[in-house]
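Work through the exercises below with the sequence and the 3D view side by side. Try each task before reading its solution.

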Amino acid sequence: MATKTLDNKDDSTKGTGTSSTSKQTTSVDNATVDKNEMNSSPLHKFFVSALKDIYYAENAIIEALEKMQEAATTEELKEAFEDHQLQTKKHVSRLEKVFKLINETPEKKECKAIKGIIEEGEEIIKSTEEGSMTRDAALIIAAQKVEHYEIATYGGLAQLAITMGHDKAADLLEKTLQEEEDTDYDLTEIAETYINFDAEQED
């Protein structure tokens with residue numbers, strides 16, 4: 001009889017252990033389902049698409065800034081474009097980290113908006129006199145159009161990241177947003193301090 005009681009006890013313990021393991025497995029499965037549902041949501045897809053858009057844009061801006069630096073007249077503006085180019089390379093690396101944080105692969109998607117803004121900047125170089133302050137004033141406006149596009153994009157992406165619970169990604173996007181805003185402010189300072197008045201005096 002004692003042996004029979006012991007066997008029943010062992011069977012009961014085994015049953016409890018199986019039940020606990022089943023609950024843990026179910027919890028993991030549910031977490032996986034939730035993650036998959038989030039990654040397939042329309043908002044997530046839009047977020048990834050927008051990241052690919054700005055990833056393309058940042059890479060295109062690096063090339064554009066090199067041309068703008070060569071075309072600029074004042075040393076202050078040349079240095080600003082050079083600094084911004086280095087900063088933009090950091091922004092590209094930061095975007096790659098954002099992709100990784102949300103388990104996506106960094107990819108470029110052609111950004112028609114930035115292509116148009118860059119083409120406008122190239123037209124400014126062609127249509128203004130080399131070595132003139134007028135060209136520098138126009139280049140600053142072209143550069144600030146780039147900045148304003150980036151500010152709008154990063155601001156929106158940061159808020160979407162917060163909404164979807166991608167807190168680390170949001171922090172990275174907000175850091176870039178702040179740097180874009182600082183660059184826009186610096187360009188205004190250069191225009192007001194070194195360029196606009198002299199440009200107004202040109203014949």
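A residue counts as buried when its relative accessible area is under 20%, and as exposed when that area is over 50%. The model used here is predicted.

**Exercise 1. Describe the chain as a whole: which elements does the chain have, and what percentage of its residues is buried?**

Solution. Start with the elements. The chain has six helices and zero strands, so from the N terminus the order reads α-α-α-α-α-α. Next, apply the cut-off for burial: 39% of the 203 residues are buried. Then turn to the surface. The accessible surface is about 12100 Å², and carbon and sulfur atoms account for 51% of that area. Finally, look at the contacts between residues at least 6 apart in sequence: 81% of these contacts join residues at least 24 apart.

**Exercise 2. Find the aromatic pair and classify its geometry: stacked, tilted or edge-to-face?**

Solution. The count of aromatic pairs comes to one. The ring centres of Tyr-55 and Phe-99 are 5.7 Å apart, and the ring planes stand at 70 degrees. A pair is edge-to-face when the angle is over 60 degrees, so Tyr-55 and Phe-99 form an edge-to-face pair. Now place the two residues. Tyr-55 belongs to helix α2 (residues 42–71) and Phe-99 to helix α3 (residues 75–101), so the pair ties together parts that are 44 residues apart in sequence. Both Tyr-55 and Phe-99 are buried.

**Exercise 3. Which helices supply the largest nonpolar core, and which one gives the most?**

Solution. The largest nonpolar core holds 53 residues. Those that touch the most other members are Phe-47, Leu-51, Leu-77, Phe-81, Ile-114, Leu-139 and Leu-173. At least two core residues come from each of α2, α3, α4 (112–127), α5 (133–163) and α6 (167–201). The most come from α5, which gives 15 residues. To see one core member in detail, take Phe-81. Beyond residues up to four places away in sequence, Phe-81 touches Leu-65, Met-68, Gln-69, Ala-72, Leu-139, Ala-143 and Leu-187.

**Exercise 4. Ile-140 and Leu-177: is each of them buried or exposed, and what does each one contact?**

Solution. Begin with Ile-140, which is in helix α5. Its relative accessibility is 2%, so Ile-140 counts as buried. Leaving aside neighbours within four places in sequence, Ile-140 contacts Leu-77, Leu-187, Ile-190, Ala-191 and Ile-195. The C-alpha atoms of Ile-140 and Phe-81 are 9.6 Å apart, although 59 residues separate the two along the chain.

Go on to Leu-177, in helix α6. With a relative accessible area of 16%, Leu-177 is buried because the value falls under 20%. With neighbours within four places again left aside, Leu-177 contacts Ile-151, Tyr-154 and Gly-155. From Leu-177 to Leu-157, 20 residues away in sequence, the C-alpha distance is 9.7 Å.

**Exercise 5. What is the span of α6, and where does α6 bend?**

Solution. Helix α6 has 35 residues. At 1.5 Å a residue, the expected span is 51 Å. From the first C-alpha to the last, α6 reaches 50 Å, which is close to that value. The bend is at Ile-195 and amounts to about 50 degrees.

**Exercise 6. Where is Asn-103, and what is its phi?**

Solution. Asn-103 sits in the loop between α3 and α4. Its phi is near 60 degrees, a positive value in a residue other than glycine.

Note on methods: Residues numbered from 1 in each chain as written. Predicted model: local features only at pLDDT ≥ 70, side-chain atom pairs only at ≥ 80, totals over all residues. Heavy atoms only, no water. Helix = DSSP H or I, 4+ residues; strand = E, 2+ residues; numbered from the N terminus. Buried < 20%, exposed > 50% of the residue type's maximum accessible area, 1.4 Å probe, protein only. Contact = heavy atoms within 4.5 Å. Areas by Shrake-Rupley, 256 points an atom, 1.4 Å probe, with all protein chains shown as cover. Phe/Tyr/Trp six-rings, centres within 6.5 Å; stacked < 30°, edge-to-face > 60°. Core = buried A, V, L, I, M, F, W, Y, C linked by side-chain atoms within 4.5 Å. Expected span 1.5 Å × (residues − 1). Bend = angle between axes of the 7 residues up to and from the residue.
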